[in-house]
Amino acid sequence: MQILNPRGSRLFPVFSLVLAVSLLLPVFSRAAELKEEYKLTLNVGPSYYWGMGATRFVELVKEKTKGKINIKPYYSSTLLKGAQLKSPQMVAKGVIDCAYESTINSSTVIPEMNVFSLPFFINTYENLDKLENGKTGEAIFAAMDKIGLKGLAWAENGFRQVTNSKHVIEEPSDLNGLRIRVVGSPVFIDIFRQLGADPVNMNWDNAVAAFQQNVVDGQENPVGILVPSKIWQYHKFITFWNYLVDPVIIYWNKEQWEAFSPDIQKAVLEAAQESARFEKALCRAGMDGGKSIMILRNEFNYTMEFPDPLKLFKENGMTVTFLTDAQIKAFREATRPVYEKWVPQIGQELYDKALADMQR
Ligand code: X2X
């Protein structure tokens, strides 16, 4: 009983030493104990640009940790049985070790991520880079930290463009009544309802079947998804409107991350950053005036199979439409009510940070 009542007990120093050692021991031994294999989840297959980035991450981790960390990538959300919005919970719980995952797919768990889904808000690569490297990016990583996720690097899915099988979309009324497949994140339903469309949410693996069977008239995704999935097989019209953007974040279960030795942390972090730079360049290639093509060539000695997505769409019979500033303005105004509902959910403070980052 005296031991349990430390005050005045002579056993106290011994007791506290034993206590300290027993508390610290698991921490040290955990640091030494690496798993034979770590599970990585991502929502798309290896042929998508984002999937190619994940594959490179796995290779770089192996190389930079000298084989100490082996990651097995589970493409197409197979560990989640296709339920693409579940990765943050699973990684936070440690059921899955890490993810190379879209911010949209994390947005129902981490509402701050919806800042990227405000319609006609970010619009340019320059703005996006400012956000990721600024206070907004910091705040997003802090929100992840709170639920047990360690953010490592920003990769990209990209600015999302709308395609459909019916007609050219250049003003809000063109969306009237179109049945558009969207991700199961509620902000997407709100945006497309606001535009008069008939949005239907489904996971990506079901979406491709829905295009084939004409169950939907259209969808929205970045070129890094549209090119590998050969969207022209289903849709003849694409409108480039950069209406919102989908960054990808490479993240790890926080508890596990903290138990890694500094050497391992450094190697994995470098692998994440390098793969993200490669992956972003794939996703931006042909869309940023040659910059990303140069990065791929000079830094990665990599030549893209389809360096010019616009040309590829046209060659495959698609009508490619770019919107004028006035046309964008009409869409921005039509979707304004989405801000009233969603800025409070994202947090006014984070929204203000995003605005400030873009004005830097
Ligand atoms: O489901 C989609 O549209 C996709 C592939 O872009 C995402 O995973 C967010």
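Me: What makes the radius of gyration of the protein chain agree with a compact globule?

Reply: With 360 residues, such a globule would come out near 21 Å; the chain has 23 Å, so the two agree. The radius is taken over C-alpha atoms, and the rule is 2.2 Å times the number of residues to the power 0.38. Mind you, this is a predicted model: local features need pLDDT of at least 70 and side-chain atom pairs 80 or more, while totals for chains, interfaces and linings use all residues. Numbering starts from 1 along each chain's sequence, and side-chain values use heavy atoms, leaving out hydrogens and water.

Me: How do you know that asparagine 43 makes a polar contact with the ligand?

Reply: The cut-off for a pair of N or O atoms is 3.5 Å. A polar side-chain atom of asparagine 43 sits 2.7 Å from a ligand oxygen, so that pair qualifies. Asparagine 105 at 3.0 Å and asparagine 221 at 2.6 Å also have a side-chain N or O atom within the limit.

Me: Which residues come closest to the ligand?

Reply: Asn43, Gln84, Arg160, Arg181 and Asn221, out of 14 that surround the ligand (a heavy atom within 4 Å).

Me: What makes three of the shell residues charged?

Reply: Asp, Glu, Lys and Arg count as charged, and the shell has three of those, beside five nonpolar and six polar residues.

How values were computed:
Polar contact = N/O pair within 3.5 Å; in protein donor to acceptor, adjacent residues only side chain to side chain.
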